[in-house]
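Visitor: Hello! I am new to this structure and would love a close look at one part of it. Could you show it to me?

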Amino acid sequence: MLPVLLVSIDNTVLNFALPAISTATLPTGVQLLWMVDIYPLVLAGLLVAMGSLGDRIGRRRLLLIGSAGFGVVSVFAAFAPSIEGLIIARAALGFFGAMLMPSTLSLLRSTFVDRDQRRLAIAIWATGFAAGSALGPVIGGILLEHFAWGSVFLIAVPVLLPLFVLAPILVTESRDPHPGRIDFLSITLSLGTMLPIVYGIKTIAEHGATWFTFAPIALGLLLGVWFVRRQLRLPNPMLDMGLFRRGAFSGAVGVNLLSVTALVGCLFFISQHLQLVLGLSPLSAGLVLVPGLAAMIVAGLLIVPIARRVRPSRVVPVALLVSVAGFASIALRGGQIDAFSIGVAFVLLGIGIGAAETVSNELIVATAPADKAGAASAVSETAYELGAVLGTAVLGTILTVSYRAAVLLPEGLSAAERVAAGETLGGAVAVAGQLPAGVAQQLLNSARHAFDSGVGLTAWIGVALVLGAAGVALVALRRAR
């Protein structure tokens, strides 16, 4: 639970420190972007490799190595003397973070051999993500009100110290009894597949679709084909491609990918609407989302006894339809929605996705052989990371394009001000702070209306994604019990 909680908090708490980091280190726009993006880039690229490595050298051992490295690098990041040092630290955090997540889920597979116990354990494991997401905005707001920006990195130390001390005592080691040699070429190919694809998606979100932005995706796909062909030929592959021939495994991975894409895309526009349109502070905006994240925890636990009796092909689609209702309640209002209604919609999202992902994650680890639990868990985590990237990139890009097309800029703005206000709602708010009251209000009204006009469209795409996940579950999980 501890590393899951930490990684989840880290995903949300850094966003609140960006203004303070910008003031202290004076980064360029490109440097700030790399500081944010380098962590998920490295993490997504190494998850499969680290999951397979855990199968070979021991999952508990890899968890302890990752914990020690993550803690040490977090201290360095907290006191990084420059933005370059912080970028390097974030890359190292991605490296060690990739050791943590597959190890936790695969250790549950080996520890809880009874399937009912394992389903409950995975439900509790999943609450770490929701609890961390809920705590991130609250902890970030409190820390940054009283301490320097480095404090958001130092929170890793009190979380990881008890893990490092107690894991050797409480957690039993497990590994693949016939692991074969470590395949460094396959590790390189998996990194070469994931990193360019994730980078390309993020670049499209920032700069639009051009041959330059599609080139890394094409490179990643070519290396991915090479990776798959190599795994099919090897007697002891790093990733057993036969897992994807099992409908329950590939279907559960697809459910995770689509539902996380929708959820993260929703968080992208909801957080901006709460702060930049409704004018809430970061802490207040975070508190609006807490009931939904609490509902995600409760739903994940309550679905366990139901999943013992109801087939996954029924329980997962029904759960996801609850999330569809949450997205539809936002879409039907076209962005004209208050904080209370957002909170209610997010509760519906949390109930559906929390229940569905508990079942799908359990199916992933239950379908895979025990000796391949690390690699299978890594595939599940990679689906999460890709979903998070796609949620921001795809839904975020659609929202940004809609905003650019709809915003009307008042006369008298400088060229730099027109670029900043015409790109994002956040830029318009920043520019408005430097303008006379009348012009500033005119700009804010136009920018907020333009932003909300895209929220309805984005929410309808969220509806389609979750319906797609429900369809995948209905078809692919029909033979799963």
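Visitor: How far apart do the C-alpha centres of domain 2 and domain 3 lie? Please start there, and then take me closer into domain 3.

Guide: With pleasure! This is a predicted model, in which local features need pLDDT of at least 70 and side-chain atom pairs count only at pLDDT 80 or more, while totals for chains, interfaces and linings use all residues. Residues are numbered from 1 along each chain as its sequence is written, and side-chain values use heavy atoms, with hydrogens and water left out.

The C-alpha centres of domain 2 and domain 3 lie 25 Å apart. The protein is divided into domain 1 (1–172), domain 2 (184–237) and domain 3 (242–480), with bounds that come from an automatic or database domain assignment.

Now for the closer look. Helix α10 covers residues 247–277 and helix α17 covers residues 437–476; helices here are DSSP runs (H or I, at least four residues), numbered from the N terminus. The two pack with their axes 9 Å apart, at an angle of about 165 degrees. Axes are lines fitted to C-alpha atoms, for helices over the stretch in contact, and angles run from 0 to 180 degrees between N-to-C directions. α10 and α17 are therefore roughly antiparallel to each other, a term for angles over 145 degrees. α10 passes α17 in a left-handed crossing, where the near helix is turned anticlockwise from the far one by less than a right angle. In the contact of α10 with α17 there are 16 nonpolar, nine polar and two charged residues. Nonpolar covers Ala, Val, Leu, Ile, Met, Phe, Trp, Tyr, Cys and Pro, charged covers Asp, Glu, Lys and Arg, and polar covers the others, Gly among them.

Some aromatic rings deserve a visit too. The whole structure holds four aromatic pairs, that is, rings of Phe, Tyr and Trp (its six-membered ring) with centres within 6.5 Å. One of them joins Phe 95 and Phe 96: their ring centres are 5.1 Å apart and their planes lie at 85 degrees, so this pair is edge-to-face, the word for planes over 60 degrees apart. Another edge-to-face pair is formed by Phe 244 and Phe 249, with ring centres 5.3 Å apart and planes at 85 degrees. Phe 244 is partly exposed, at 32% relative accessible area, whereas Phe 249 is buried, at 0%. Buried means under 20% relative accessible area, exposed over 50% and partly exposed in between, with a 1.4 Å probe and protein chains only.

Key:
Rings of Phe, Tyr and Trp (its six-membered ring) pair if their centres lie within 6.5 Å; planes under 30 degrees apart count as stacked, over 60 as edge-to-face and the rest as tilted. Angles under 35 degrees count as roughly parallel, over 145 as roughly antiparallel, 65 to 115 as roughly perpendicular and the rest as oblique.
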